[in-house]
Amino acid sequence: MENIRILAIVGSLRKNSYNLQLAKEAEKYLKSKVNIEIIDFSEVPLLNQDIEFPAPAKVQEIREKIKKTDGIWFFTPEYNHFFPGVLKNLIDWLSRPVSDTEGSVLPGKPAAISGISPGMSGTGIAQDHLVTLLSFLNMDIMNVPRLTIPNAMQQLDKDGKLELKASAPYLVKEADAFIEFIKNRKQID
Ligand code: FNR
C-alpha cells in the first residue's frame with residue numbers, strides 16, 4: 001500500500017448518482033493501493049459571507065481532510081453543459097482563506113477529473129469548465145487522462161446499477177495515472 005491519500009468529491013447529491021457509483025468503482029480499485037475516501041458534503045450550507053468566519057463545522061471538517069490529502073479526484077455530472085451548482089458551492093467555500101493567517105486549502109493540490117452522463121457529451125464540457133475553475137484556484141490538474149463516459153445507460157446491469165464494461169479499463173488507467181502524478185509531485189516537494 002502506497003502512503004498516499006486521495007479524496008473523491010462527487011458533484012451529485014443524488015442517492016443513485018452514476019457519478020457516485022463511478023467514484024465507488026474507483027474506490028474499489030484503489031483501496032488496496034492507497035487511502036481513499038469519498039467525501040459527503042451534502043450538509044455544506046450555501047455560501048454566505050455573513051457566516052464565513054468561523055466557517056460552518058462541515059466546511060471546517062472537509063478543509064481538515066483536504067489539508068491531509070495528497071490529491072482530489074472530482075467526479076462530476078454535467079448540468080446544462082456545466083458542473084453542478086452544489087459542486088461550485090463547495091469549491092467556493094474551499095477557495096476561501098481558512099483564517100486571517102491561513103490561506104485556502106486548495107492551491108497546489110493535485111486534482112483529477114472524471115464524469116459520466118446518460119447523454120452523448122460524457123460530461124466533457126462540464127469538465128472543461130471545472131478545469132478552468134481549478135486552474136484559477138492554482139490546483140495542480142492532471143489534464144490527461146480525463147475519463148468522460150457518455151451513454152451511461154449502455155453500461156447498466158439489469159437492476160439499473162452501473163456496471164462498467166467498455167469504460168472499466170479507462171477508469172483503471174486514470175487511477176494508476178493519478179497515483180503516478182501524485183508520486184511525482186511528492187518527490188518534488
Ligand atoms: C442534466 N443532464 C445533462 N446531461 C448531459 O449530458 N448534459 C447536460 O448538459 C445535462 N444537463 C442537465 C441539467 C440538469 C439541471 C439536470 C438535472 C440534468 C442529465 C444528467 O447527466 C443526468 O441527470 C445524470 O444522471 C446526472 O448525474 P448523476 O446524478 O447520475 O451523477
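Is K28 buried or exposed? Hold that thought for a second, while I say that what we have up on the screen is a predicted model. Okay, back to the lysine: K28 is exposed, because its relative accessible area comes out at 53%, and the cut-off for exposed is over 50%.

So who does K28 talk to? K28 makes a salt bridge with E25, and the closest N and O atoms are 3.1 Å apart. Both residues sit in helix 1, which covers residues 18-30, and they are 3 residues apart, about one turn of the helix. E25 has a relative accessible area of 23%, so E25 goes down as partly exposed.

Now a pair that reaches further along the chain. E37 forms a salt bridge with K65, with 2.8 Å between the closest N and O atoms. Why do I say it reaches further? Because E37 is in strand 2, residues 35-38, while K65 is in helix 2, residues 57-68, so the pair ties together parts that are 28 residues apart in sequence. Both ends are partly exposed: E37 has 33% relative accessibility, and K65 has a relative accessible area of 26%.

One more of these. R185 forms a salt bridge with D140, and here the closest N and O atoms are 2.5 Å apart. R185 belongs to helix 5, residues 168-188, and D140 to strand 5, residues 140-141, so this pair ties together parts that are 45 residues apart in sequence. R185 counts as partly exposed, at 28% relative accessibility. And while we're on charges, E2, E180 and K183 are joined into one network by salt bridges that share partners. The total for the structure is 14 salt bridges.

R185 has a second thing going on, by the way. R185 lies over the face of F181, at 3.9 Å from the ring centre. There's another arginine doing that: R14 lies over the face of Y18, and there the distance to the ring centre is 5.2 Å.

Right, let's go to the rings. How many aromatic pairs does a search of the whole structure find? The search finds 4. Take W73 and F178: their ring centres are 6.3 Å apart and the planes sit at 65°, so this is an edge-to-face pair. It also links distant parts of the chain, with W73 in strand 3 and F178 in helix 5, 105 residues apart. Can a solvent probe get at them? Not by these numbers: W73 counts as buried at 0% relative accessibility, and F178 is buried too, with a relative accessible area of 0%.

Compare that with F82 and F83, please. Those two form a tilted pair, 5.0 Å centre to centre with 35° between the planes. F82 counts as partly exposed, at 37% relative accessibility, whereas F83 is buried, with a relative accessible area of 4%. And back on the strand 3 side, ring pairs link W73, F75, F178 and F181 into a cluster. F181 is the ring that has R185 over its face.

Since strand 3 keeps coming up, let's look at it properly. Strand 3 runs over residues 71-75, and 5 of its 5 residues are buried. Both faces are covered: G71, W73 and F75 are buried on one side, and I72 and F74 on the other.

What is next to it in the sheet? Strand 1, residues 5-10, runs parallel to strand 3 and is joined to it by 5 bridges. If you want a place to click, the bridge partner of L7 in strand 3 is I72. Strand 4, residues 110-116, also runs parallel to strand 3, with 4 bridges joining the two. There, the partner of F75 in strand 4 is S114. Add helix 3, residues 85-95, and you get a right-handed β-α-β unit made of strand 3, helix 3 and strand 4.

Last stop, and it takes us back to helix 1, where N19 is found. N19 is buried, with a relative accessible area of 3%. What does N19 touch, leaving out residues up to four places away in sequence? The contacts are V10, F75, T76, P77, G115 and I116. So you'll spot F75 again, the one whose bridge partner in strand 4 is S114. That's my tour, thanks!

Conventions:
Residues are numbered from 1 along each chain as its sequence is written. This is a predicted model: local features need pLDDT of at least 70, side-chain atom pairs count only at pLDDT 80 or more; totals for chains, interfaces and linings use all residues. Side-chain values use heavy atoms; hydrogens and water are left out. Buried means under 20% relative accessible area, exposed over 50%, partly exposed in between (1.4 Å probe, protein chains only). Two strands pair if DSSP finds at least two bridges between them. A crossover is right-handed if, with the strands pointing away from the viewer, the path from the first strand over the helix to the second runs clockwise. A salt bridge is a side-chain nitrogen of Lys or Arg within 4 Å of a carboxyl oxygen of Asp or Glu. Rings of Phe, Tyr and Trp (its six-membered ring) pair if their centres lie within 6.5 Å; planes under 30 degrees apart count as stacked, over 60 as edge-to-face and the rest as tilted. A charge sits over a ring if NZ of Lys or CZ of Arg is within 6 Å of the ring centre and within 35 degrees of the ring normal. Contact means heavy atoms within 4.5 Å.
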